[in-house]
Amino acid sequence: MRRNLWIYLAGLAVLLFAWGCKKGSVIPPEESEYTLEELIQQGWEAFEQGQYLTARDRFDRAWEKNPLEVEVYNGLGWSYFKLDSLEQAARQFHICYCLFDTTADVAAGWAFVLNAQKYYEASNEKAAQALALNAAWAFTHALPLDVKDLRLLKAENYYLLGNFTQSLAEVKILNPAFPLTTVASDLDRAELAAEIERLKGIV
């Protein structure tokens with residue numbers, strides 16, 4: 001599958017290059033002068049300022065320069081996520097996963113997207129992958145997200161899947177002092193849910 005995507009995108013890159021050389025190109029001359037690295041940098045700068053539409057457009061321009069660059073898909077995935085375009089975000093992360101070795105940023109971003117799409121089991125798989133890739137992960141582009149958020153995401157996912165024991169285990173990692181030791185009763189589960197909500201406000 002990865003080989004087929006490489007072939008497809010390599011061919012697409014050639015076509016895009018040819019189109020870019022045609023008379024009447026819609027890309028403004030000043031923008032065509034930016035390098036791939038400059039466009040990626042501009043994308044993350046816009047993202048960090050909360051200008052997610054601009055960020056998406058910068059990463060789109062970078063894609064036109066080189067559709068075989070991992071950071072382009074990472075940036076598009078996170079930008080679409082913040083624009084609440086969940087299907088588009090998931091698509092970008094999936095393409096990135098198929099083409100390249102997965103990074104913690106990609107796995108984490110995809111985990112948050114899958115949670116928002118209510119694919120809780122898949123979200124946990126990606127969160128676990130992000131933690132395995134980088135046990136000290138922290139998103140470096142302005143959003144205050146790190147390993148604690150991934151743990152909390154897993155706790156919420158497990159709870160929504162009805163796996164209350166695993167949910168409690170994740171909560172205990174975040175708050176070892178949490179006194180609940182069993183999730184056998186409805187009251188226990190309600191207390192666990194309340195702790196997850198409390199942690200959302202402080203993690």
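**View 1. Cys98 is buried, with a relative accessible area of 4%.** Cys96 is buried too, at 2%. Buried means under 20% relative accessible area, exposed means over 50%, and partly exposed lies in between (1.4 Å probe, protein chains only). This is a predicted model: local features need pLDDT of at least 70, side-chain atom pairs count only at pLDDT 80 or more, and totals for chains, interfaces and linings use all residues. Residues are numbered from 1 along each chain as its sequence is written, and side-chain values use heavy atoms, with hydrogens and water left out.

How many disulfides does a search of the whole structure find? The search finds zero. Cys96 is in no disulfide, and the nearest cysteine sulfur, that of Cys98, is 9.4 Å away. That is too far for a bond, because a disulfide is a pair of cysteine sulfur atoms within 2.5 Å. A disulfide is a covalent bond between the sulfur atoms of two cysteines.

**View 2. The protein has eleven helices and zero strands.** Helices (H or I, at least four residues) and strands (E, at least two) are DSSP runs, numbered from the N terminus. Along the sequence, the pattern reads α-α-α-α-α-α-α-α-α-α-α. The protein has 203 residues, and 42% of them count as buried. About 10800 Å² is exposed. Carbon and sulfur atoms supply 55% of that area. Accessible areas come from the Shrake-Rupley method with a 1.4 Å probe; for residues, only the protein chains shown count as cover. Now take contacts between residues at least 6 apart in sequence: 56% join residues at least 24 apart. Contact means heavy atoms within 4.5 Å.

**View 3. Helix H5 covers residues 70-82.** Is H5 largely enclosed or not enclosed by the rest of the structure? Ten of its 13 residues are buried, so H5 is largely enclosed. The buried residues include Val72, Tyr73, Trp78, Tyr80 and Phe81. Asn74, Gly75, Leu76, Gly77 and Ser79 are buried as well.

The length of H5 can be checked. The expected span is 1.5 Å times one less than the number of residues. For the 13 residues of H5, that gives 18 Å. The end C-alpha atoms are 19 Å apart, which agrees.

Now look at the two ends. Glu69 caps the N-terminal end of H5. One of its side-chain oxygens lies 3.1 Å from the backbone nitrogen of Glu71. Just after H5, Asp84 takes a positive phi of about 65°.

**View 4. Glu170 forms a salt bridge with Arg151.** Their closest N and O atoms are 3.2 Å apart. The pair links distant parts of the chain: Glu170 sits in helix H10 (residues 164-174) and Arg151 in helix H9 (residues 147-160), 19 residues apart. A salt bridge is a side-chain nitrogen of Lys or Arg within 4 Å of a carboxyl oxygen of Asp or Glu. Side chains of opposite charge can pair when their charged atoms come close. Glu170 is buried, at 5% relative accessible area, whereas Arg151 is partly exposed, at 25%. A search of the whole structure finds eight salt bridges.

**View 5. Glu195 and Arg198 meet in a salt bridge within one helix.** The N to O distance is 2.9 Å. Both residues lie in helix H11 (residues 186-200), three residues apart, about one turn of the helix. An α-helix has 3.6 residues a turn, so residues three or four places apart point the same way. Glu195 counts as buried, at 7% relative accessibility. Arg198 counts as partly exposed, at 40%.

**View 6. Asp57 forms a salt bridge with Arg56.** The closest N and O atoms are 3.0 Å apart. Asp57 counts as partly exposed, at 34% relative accessibility. Arg56 counts as partly exposed, at 23%.

**View 7. Lys118 and Ala142 have a positive phi.** Most residues other than glycine have a negative phi, and most peptide bonds are trans. Lys118 is not a glycine, yet its phi is about 70°. Where does Lys118 lie? Lys118 is in the loop between helix H7 (104-116) and helix H8 (120-133). Lys118 is exposed, with a relative accessible area of 61%. Ala142 is not a glycine either, and its phi is about 80°. Ala142 has its place in the loop between H8 and H9. Ala142 is exposed, at 52%.

Key: Polar contact = N/O pair within 3.5 Å; in protein donor to acceptor, adjacent residues only side chain to side chain.
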